[in-house]
Amino acid sequence: MKGGRILVLIHGAAVLLALVSLGVTFSTGVEQRGVALAFGVLVALGELTRWYGPHVREAAPLGAAGALSYALLGEDAGRATTHGAAQVVSVVLAASLVGCVPHVAQGRGPVFDHLARRMLTVGFAAVCFQPLYNRGTFADWSGPAYALLLVALLALTALCDAVLAAALAHSRTGWPFGPLLRDELRGMLGIGSAVCATGAVMALAVAVVGLWALPVFCLPLLLTQVSLRRYAAVRTTYRQTIASLARATEIAGYTPPGHARRVAALSRAVGRDLGLSEPELTVLEYAALMHDIGQLSLVDPVPAGATAGLPGAEQRRIALLGGAVVRQTGVDAEVAVVVERQADPYPEQPRAARIVRAVNAYEEKARGTGPGGPLTALEELRLGAAGDYAPEVVEALARVLSREGLTLPSAG
């Protein structure tokens, strides 16, 4: 319920800002139409080149940089601009809607959340800058002082965007707000800093040389976006390779089909609930995918691949064999550590190993037991939490399962 109120509040604020800005712009008319058109085309182009991925921080960096540059634009080739904050929001809204049309037609992405963030962040920057600039407050600011002013305003705007992004993710998923905000702030050091820097440079360059600066200074950001897409493709291929390795136990008949994928999906959700960062979640997911790979060294398969019921010494032997296999595949050493320590006493385990152990035991106990199986399996884990499973992990698992209706995640 609380998450739903946050979502309604953010969307309502964005809609109200858009309606007020459009009303003011229609009543006063569009100032300096050539400048507005140039920035509108830039924002629309940025939205058209928008990209998607599982860990994308800024889907349309060129559109964001263009919108922020227009919000902080004070001069055009030495001539003072006359547009206000309302016109900035109206132009960015119109251009963003035009750029989002192909994505909406293809049914891709949470467009309304994206537009709400864009409207509120651009509105924040424009309201902080345009009224004061038009009153002449910054008339005596020049050189480094003016550049530092733009950088400071962009930093505040980036912080506002990070808070909005974390709040929207929290309201959509129910994950803890603090870790989500931490990940957003960490992401600002990457593409976020490039967006802010490009926005500031374009605003300063247009003030000196005019609109010809826009295509020149947006080119580096486009190249950065291409590089990020290639990096994302490499990461996707890497994950697919790990998932293929994890399927070896299923193909060989050591574990049931989909077991590794289910454990990985549920482990990642539990890690989110416990506040793990994005890099930690990646290590956790890879370790969960490969947690049973040590069974390939067994002469006689464990019935149904259920290692949770084996003696502790046998579990540790399989875990150590799995860690050795992971190290030979060239996967990150952190993943190997999690795999080989998943059978250790939980006070000695790293947090990722505690999660994999508890989730694996839950999946094995609940698999194929009918409607009451998940509840029974969870109670068995709670009873064993004193010695076998970390209590905080079991409770996080319970919270995740309650949000998902106390069922296993799909094997897809």
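**Exercise 1. What covers the buried residues of H8?**

Work through helix H8 in this predicted model, starting with its geometry and ending with its cover.

*Step 1.* Get the dimensions. H8 spans residues 213-246, so there are 34 residues to place, and its first and last C-alpha atoms are 51 Å apart, close to the 50 Å expected at 1.5 Å a residue.

*Step 2.* Check for bends. H8 has a kink of about 30 degrees at Leu219, and the proline Pro220 follows shortly after.

*Step 3.* List what is hidden. The buried residues are Ala213, Leu214, Cys218, Leu221, Gln225, Ile242, Ala243 and Ala246.

*Step 4.* Find the cover. It includes helices H2 (33-48), H3 (61-71), H7 (177-209), H9 (248-251), H10 (259-273) and H11 (278-289).

**Exercise 2. Describe the protein as a whole before zooming in.**

*Step 1.* Tally the secondary structure: 16 helices and 2 strands.

*Step 2.* Look at burial. The protein has 412 residues, and 50% of them count as buried.

*Step 3.* Look at the surface. The accessible area comes to about 18,500 Å², with 66% of that belonging to carbon and sulfur atoms.

*Step 4.* Ask how far along the chain contacts reach. Take the contacts between residues at least 6 apart in sequence: 72% of them join residues at least 24 apart.

**Exercise 3. Follow helix H7 along its length and past its end.**

*Step 1.* Find the bend. H7 turns by about 60 degrees at Leu189.

*Step 2.* Pick a residue further on. Leu204 also belongs to H7. Is Leu204 buried or partly exposed? Its relative accessible area is 30%, so Leu204 is partly exposed.

*Step 3.* See what Leu204 meets. Leaving out residues up to four places away in sequence, Leu204 touches Tyr146, Ala147 and Leu150. Tyr146 is 58 residues away along the chain, yet the C-alpha atoms of Leu204 and Tyr146 are 9.1 Å apart.

*Step 4.* Step off the end. Just after H7 comes Gly210, with a positive phi of about 95 degrees.

**Exercise 4. Which residues form the nonpolar patch on the surface?**

*Step 1.* Name the members. They are Leu159, Val163, Phe177 and Leu185, and together they offer about 290 Å² of accessible area.

*Step 2.* Assign them to elements. Helix H6 (144-173) and H7 each give two or more residues to the patch.

*Step 3.* Check one member. Leu159 sits in helix H6. Its relative accessibility is 41%, so Leu159 counts as partly exposed.

**Exercise 5. Compare three salt bridges, then find a network.**

*Step 1.* Start with the total: the structure holds 17 salt bridges.

*Step 2.* Take the pair in H7. Asp183 and Arg186 form a salt bridge whose closest N and O atoms lie 3.1 Å apart. The two residues are separated by about one helical turn, because they are 3 residues apart in helix H7. The general rule is handy here: an α-helix has 3.6 residues a turn, so residues three or four places apart point the same way. Now for accessibility. Asp183 has 3%, so Asp183 counts as buried, while Arg186 has 40%, so Arg186 is partly exposed.

*Step 3.* Take a pair that spans two helices. Glu250 and Arg261 meet through their side chains in a salt bridge of 4.0 Å, N to O. This one links distant parts of the chain, with Glu250 in helix H9 and Arg261 in helix H10, 11 residues apart. Glu250 is at 14% relative accessibility, so Glu250 counts as buried. Arg261 is at 31%, so Arg261 is partly exposed.

*Step 4.* Go to helix H12 (residues 312-329). Glu314 and Arg317 bridge there with closest N and O atoms 3.0 Å apart, and both lie in H12, 3 residues or about one turn from each other. Glu314 has a relative accessible area of 27%, so Glu314 is partly exposed. Arg317 is at 39%, so Arg317 counts as partly exposed too.

*Step 5.* Which residues are linked in a network of salt bridges? The Asp183 and Arg186 of Step 2 are among them. Arg239, Arg268, Arg272, Glu278 and Glu285 complete the network.

How values were computed:
Residues numbered from 1 in each chain as written. Predicted model: local features only at pLDDT ≥ 70, side-chain atom pairs only at ≥ 80, totals over all residues. Heavy atoms only, no water. Helix = DSSP H or I, 4+ residues; strand = E, 2+ residues; numbered from the N terminus. Bend = angle between axes of the 7 residues up to and from the residue. Buried < 20%, exposed > 50% of the residue type's maximum accessible area, 1.4 Å probe, protein only. Contact = heavy atoms within 4.5 Å. Areas by Shrake-Rupley, 256 points an atom, 1.4 Å probe, with all protein chains shown as cover. Patch = residues over 30% accessible without salt bridge, like charges linked within 9 Å, V, L, I, M, F, W, Y side chains within 5 Å.
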